[in-house]
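Got the model open? Let's walk through it together with some questions and answers.

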Amino acid sequence: NDGLVWQVDRAGQSRVVFDAQELEVHAIAAAADGALLVATSPDGKVYRVAAGGTSSVFFDPEDKYIWALAVDGPGRVYVGTGDKGVIYRVSADGKSDVFYKTQTANVTSLLIAPDGQLLASTESPGRVLRISPAGKAFVLLESPYREVRGLRVTAAGAL
């Protein structure tokens, strides 16, 4: 509950590169320009941390939790939130819109598939969704479990 992001170099030396005001960091992603994006909770925000270490609020939704981040080829940032399971799409200049409402409690992970579609896993209920760039969703998995926590694409491109 310190809200810290650590950098560890190849020699094993570590240093704090970001110290959030919020208690927790739940996701990090590389922005298209090389900056680090850091998602925090509670009272979730997404911070942009430049290579020199300066940080600023990149996106501040009303949602309490931010669980997941993904960046697509054009540099748009997808932000998976909770209590209402909303996915936002944020442009590089910080303009946002609601990309998809999952009808679940939390979006637990996000991944850009090789074909450019967004994959999202959720909690309450545990699902895996494939969402087109136009925001049309298809349920890939209706899990018997309460949540699906992570997604990975294999080298062959399979989920």
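Two strands count as paired if DSSP finds at least two bridges between them. Keep in mind that this is a predicted model.

Q: What is the order of the strands in the open sheet of 4 strands?
A: Strands of a sheet pair through backbone hydrogen bonds, either parallel or antiparallel. In this open sheet the pairing is antiparallel. Reading across its 4 strands, the order is S3-S4-S5-S6.

Q: Which strands of this sheet stand at the edges?
A: Look for strands with a single partner strand, because one side of each is then left without a neighbour in the sheet. That picks out S3 and S6.

Q: By how many degrees are neighbouring strands of this sheet turned against each other on average?
A: Direction is ignored for this angle. On average, the turn between neighbouring strands is 30°.

Q: How many bridges join S3 to S4?
A: These two strands run antiparallel and form a hairpin with 5 residues between them. In the turn, Gly 34 has a positive phi of about 95°. One of the bridges links Val 25 to Thr 40 in S4. The number of bridges between S3 and S4 is 6.

Q: Which residue in the turn between S4 and S5 has a positive phi?
A: S4 and S5 run antiparallel, with 4 bridges joining them. Val 38 has Tyr 47 in S5 as its bridge partner. The hairpin leaves 4 residues between the strands, and the one with a positive phi, about 55°, is Asp 43.

Q: Which residue in S6 stands opposite Val 46?
A: S5 covers residues 46-49 and pairs with S6 in the antiparallel sense over 4 bridges. Opposite Val 46 you'll find Phe 59.

Q: Why is S4 described as largely enclosed by the rest of the structure?
A: A residue counts as buried when its relative accessible area is under 20%. S4 is largely enclosed because, of its 6 residues, the number that are buried is 5.

Q: Which strand gives the most residues to the largest nonpolar core?
A: This core has 16 residues, and Val 46, Leu 69 and Val 79 touch the most other members. Several strands each supply at least two residues, among them S3 (24-30), S7 (65-71) and S8 (77-82). With 3 residues, the one that gives the most is S9.

Q: How many residues are in the second, separate core?
A: Among the members of this core are Ala 68, Ala 70, Leu 118 and Ile 131. The count for this second core is 11.

Q: What is the relative accessibility of Val 5, and is it buried or exposed?
A: Val 5 sits in strand S1, residues 4-8. Leaving out residues up to four places away in sequence, Val 5 touches several others, including Phe 18, Val 25 and Val 38. Val 5 counts as buried, at a relative accessibility of 7%.

Q: How many residues apart in sequence are the parts tied together by Phe 18 and Tyr 47?
A: The search of the whole structure finds 4 aromatic pairs. Phe 18 and Tyr 47 form a tilted one, 5.0 Å centre to centre with 50° between the planes. Both Phe 18 and Tyr 47 are buried. Phe 18 lies in S2 and Tyr 47 in S5, so the separation in sequence of the parts tied together is 29 residues.

Q: What kind of aromatic pair do Tyr 78 and Phe 99 form?
A: Tyr 78 is buried at 3% relative accessibility, and Phe 99 is buried at 8%. Their centres are 5.1 Å apart and the planes make an angle of 75°. Planes over 60 degrees apart count as edge-to-face, so the name for this pair is edge-to-face.

Q: Which residue's side chain makes a polar contact of 2.8 Å with the side chain of Asp 72?
A: Asp 72 is in the loop between S7 and S8, and it counts as buried at 9% relative accessibility. The side chain of Asp 72 also makes a polar contact of 3.3 Å with the side chain of Tyr 78. The partner in the 2.8 Å contact is Arg 76.

Conventions. Residues are numbered from 1 along each chain as its sequence is written. This is a predicted model: local features need pLDDT of at least 70, side-chain atom pairs count only at pLDDT 80 or more; totals for chains, interfaces and linings use all residues. Side-chain values use heavy atoms; hydrogens and water are left out. A nonpolar core is a set of buried Ala, Val, Leu, Ile, Met, Phe, Trp, Tyr and Cys residues joined through side-chain atoms within 4.5 Å. Buried means under 20% relative accessible area, exposed over 50%, partly exposed in between (1.4 Å probe, protein chains only). Axes are lines fitted to C-alpha atoms, for helices over the stretch in contact, and angles run from 0 to 180 degrees between N-to-C directions. A polar contact is a pair of N or O atoms within 3.5 Å; within protein, one must be able to donate a hydrogen and the other to accept it, and residues adjacent in sequence count only if both atoms are side-chain atoms. Rings of Phe, Tyr and Trp (its six-membered ring) pair if their centres lie within 6.5 Å; planes under 30 degrees apart count as stacked, over 60 as edge-to-face and the rest as tilted. Contact means heavy atoms within 4.5 Å.
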